[in-house]
Amino acid sequence: MKEFSCGAIGAIQNSTKPGHMVRVDDDSANSGGFLILEWWEGSTGPNGNGAFDSWVDNELAVSKFLQETGWCIVWR
């Protein structure tokens, strides 16, 4: 079951990282899959806002990834 919307930003409520956020982007036109971007206050990742990314190949894999993190996400 899909519990996310591409482009929506989610606040990770149970993270130890201050201001921990996540966003799922449909990148199928470029990479053939989905990017899961995460950032927090002071993160230094290579993407915008200092975000780090993970890549998966389909929506089911996104759902599985998010479930496996154990994150409690409030989507905006």
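These are short notes on the fold, size, surface and one core-facing topic: residue Val62.

1. Start with the source. This is a predicted model. Every value below is computed from that model.

2. Next, the secondary structure. The protein contains 5 strands and 1 helix. Their order along the sequence is β-β-β-β-α-β. Four strands therefore come before the helix, and one strand follows, if you read the pattern with strands as β and helices as α.

3. Now the size. The C-alpha atoms fit a box of roughly 30 × 25 × 20 Å along the principal axes. The radius of gyration is 12 Å. A compact globule of 76 residues would have a value near 11 Å, so the two agree.

4. Burial and contacts come next. Of the 76 residues, 36% count as buried. Take the contacts between residues at least 6 apart in sequence: 36% of them link residues at least 24 apart.

5. Then the surface and the charges. The accessible surface is about 4,600 Å², and carbon and sulfur atoms account for 50% of that area. There are 10 negative side chains and 5 positive ones. The centres of these two sets are 5 Å apart.

6. Finally, look at Val62. Where does Val62 sit? Val62 belongs to helix H1, which covers residues 59-69. Is Val62 buried or exposed? Its relative accessibility is 0%, so Val62 counts as buried; the cut-off for buried is under 20%.

7. Which residues does Val62 touch, leaving aside those up to four places away in sequence? They are Phe4, Val24, Phe34, Ile36 and Val56. Phe4 lies 58 residues from Val62 along the chain, yet their C-alpha atoms are 8.7 Å apart.

Note on methods: Residues numbered from 1 in each chain as written. Predicted model: local features only at pLDDT ≥ 70, side-chain atom pairs only at ≥ 80, totals over all residues. Heavy atoms only, no water. Helix = DSSP H or I, 4+ residues; strand = E, 2+ residues; numbered from the N terminus. Rg over C-alpha atoms; globule rule 2.2 N^0.38 Å. Buried < 20%, exposed > 50% of the residue type's maximum accessible area, 1.4 Å probe, protein only. Contact = heavy atoms within 4.5 Å. Areas by Shrake-Rupley, 256 points an atom, 1.4 Å probe, with all protein chains shown as cover. Lys, Arg positive; Asp, Glu negative; His and termini not counted. Charge placed at Lys NZ, Arg CZ, Asp CG, Glu CD.
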